[in-house]
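Subject: Structure handover

Hello,

Here is the structure I said I would pass on. My notes on it follow below.

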Amino acid sequence: MKRWFALFALVVVMILSMATAGLWYVQARGDGIEIAAAPTLAAQAATVPLPSATDSPTETALPTHTATLAATATSTPVPTATATPSPTATPSATSTPSITPTPSATPTASRTPFATLEADEQAEDTMIPTAVTPFERPDGVTNILLLGNDVGGRQGGRTDSLIIVSINEVNKTATMLSLPRDLYVVIPGWKITRINQALPHGHGSGYPGGGGALVKDTILYNFGIVVDYYVRVGFDGFRQIVDLLDGVDVAVSCELEDWRLKEPELDPQVEENWEMFSLGPGIYHMEGDLALWYVRSRRTSSDFDRGRRQQQILRAILEKGLNLNMAAQLPALWETYAETVETDLPAPVMLRLAALAPAVRENGIQHLYLPEAARRSWMTSGGAAVQLLQWEGAEPVLGQLMRPPVLNRATRAPLAVEVVTADDVQYLLAAENLAYHGFVPVWVQASGPAPGHTQVTYYGANLKGSYDWLLTWILGTDGDAINLMSDDIGAGERYRVVLGENYDPCRPQLEAPSLGHGD
């Protein structure tokens with residue numbers, strides 16, 4: 001039995017990580033491009049966690065008329081201490097890529113009839129949004145919801161991290177969508193409130209099937225997506241997972257600053273126990289406490305960026321796990337997950353996930369998010385800042401969730417980008433951004449000094465199908481400045497990017513052009 005439980009634990013690692021696994025790093029050779037393992041990121045950083053502020057939302061009736069817009073900001077403790085340690089990135093190059101599993105089952109859409117909302121949510125001018133017509137699901141697609149608690153244990157608290165992973169067994173690809181925790185939605189049988197309250201309410205109210213069933217029904221009602229299984233972990237379990245792997249390597253593209261406890265064991269209710277902590281752009285080796293701080297912080301960023309960082313850490317967990325001798329650690333993994341993970345995944349699906357993991361890793365994973373056009377800031381009558389779903393802006397993204405990634409490597413050749421630089425840290429930061437959007441980065445050692453500005457060359461007959469508009473956005477360069485080399489494509493169609501002194505890896509990912517833009 002222990003052996004079976006250990007297998008379960010390993011698959012859970014893969015599920016938790018598959019949301020963003022899928023980066024391939026390659027090395028250039030004189031006769032073409034060879035796919036290889038990603039260089040290991042390594043560096044030194046302090047390891048102290050920062051719990052996010054716990055704001056208690058006030059639910060109110062959703063108005064039918066235009067509401068007064070209000071900026072939303074979540075506050076963190078404001079202590080007097082202001083130390084600012086900034087770890088220095090010190091990378092080393094070894095191997096480490098990743099991607100993950102995929103199941104397939106014959107899911108049944110569980111639509112619970114919507115009951116009357118609680119009396120305090122009723123108002124004369126309130127119209128309850130109707131249920132969304134479910135999106136058509138292709139054959140061989142399974143949807144898994146990844147949930148992260150805002151408390152230590154796997155039970156209790158709210159689910160402040162919500163990521164839907166859609167796995168296509170036919171194409172052996174995966175797509176991931178992060179949902180903001182502050183979305184103001186209809187929770188079937190209860191009321192209109194933040195989506196992060198669905199699962200704990202289901203657990204505590206006797207909802208048929210518990211919290212897992214209620215959060216699935218909530219997503220089906222509001223987004224039209226059938227969720228087959230869910231996996232939930234508290235932040236204590238998250239820390240244990242990372243520490244069990246002896247930490248993970250992470251590329252930090254944008255500076256991040258937030259409050260943290262000076263020592264993990266200090267009382268968070270004492271103001272003097274906090275200090276300001278920052279990470280500048282670089283490569284960091286993160287232990288559990290620092291990784292938790294990284295995925296929870298949003299003082300100087302946004303809820304969307306926090307979702308991106310959560311996906312990034314999940315990928316790093318899988319990359320590290322695949323590069324270790326996991327078989328020897330399976331008993332310890334099970335002991336960790338048995339206490340920290342809540343899931344309804346059956347054993348046969350877990351086995352399918354394990355079997356499909358290498359193919360999904362090779363073919364790539366698509367990253368989706370709800371853009372600004374899909375959300376509207378709103379303030380409830382109780383003063384809670386929430387987000388209202390705007391269907392016209394959300395529908396195209398939700399519809400893409402169960403379709404194969406646009407830049408997948410199952411149905412098209414990899415779109416390689418040779419990155420020319422002598423700086424290994426700059427390469428790793430550029431590779432993180434490129435791979436996140438589906439390109440295949442290739443490190444080419446520069447033989448001379450970097451130019452003043454980044455230079456982009458495309459080797460191909462023309463730019464059709466090259467996603468030049470996306471690449472130039474990622475690099476922060478002018479799309480009209482691409483040098484087209486149509487008479488030198490012996491090594492295949494590809495980009496060559498020479499990073500300039502002006503290269504900045506910090507990009508506003510929320511403003512990234514959609515892959516539905518075209519080619």
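Please keep in mind that this is a predicted model. I looked at three places in it.

The starting point is Val-132, which sits in the loop that runs between β2 (32–36) and β3 (141–149). Val-132 has a relative accessibility of 14%, and because buried means under 20%, this residue counts as buried. Its C-alpha is 6.1 Å from that of Phe-223, although the two residues are 91 apart in sequence.

Next is a pair of helices, α4 (residues 235–244) and α5 (residues 288–296). Their axes come within 8 Å and cross at roughly 130 degrees. That angle is neither over 145 degrees nor in the range of 65 to 115, so α4 and α5 are oblique to each other. The crossing of the two helices is right-handed. On the α4 side, the residues that meet α5 are Phe-235, Phe-238, Arg-239, Val-242 and Asp-243. Their counterparts in α5 are Gly-288, Asp-289, Ala-291, Leu-292, Val-295 and Arg-296. By type, the residues of this contact divide into six nonpolar, four charged and one polar.

The last place is Asn-433, in helix α10 (residues 424–436). Asn-433 has a relative accessible area of 5% and is therefore buried. What does Asn-433 contact, leaving aside its neighbours within four places in sequence? The residues in contact with Asn-433 are Ser-253, Ile-474, Tyr-503, Pro-505, Arg-507 and Gln-509.

Regards

Definitions and conventions. Residues are numbered from 1 along each chain as its sequence is written. This is a predicted model: local features need pLDDT of at least 70, side-chain atom pairs count only at pLDDT 80 or more; totals for chains, interfaces and linings use all residues. Side-chain values use heavy atoms; hydrogens and water are left out. Helices (H or I, at least four residues) and strands (E, at least two) are DSSP runs, numbered from the N terminus. Buried means under 20% relative accessible area, exposed over 50%, partly exposed in between (1.4 Å probe, protein chains only). Axes are lines fitted to C-alpha atoms, for helices over the stretch in contact, and angles run from 0 to 180 degrees between N-to-C directions. Angles under 35 degrees count as roughly parallel, over 145 as roughly antiparallel, 65 to 115 as roughly perpendicular and the rest as oblique. A crossing is left-handed if the near helix is turned anticlockwise from the far one by less than a right angle, and right-handed if clockwise. Contact means heavy atoms within 4.5 Å. Ala, Val, Leu, Ile, Met, Phe, Trp, Tyr, Cys and Pro count as nonpolar, Asp, Glu, Lys and Arg as charged, and the others, Gly among them, as polar.
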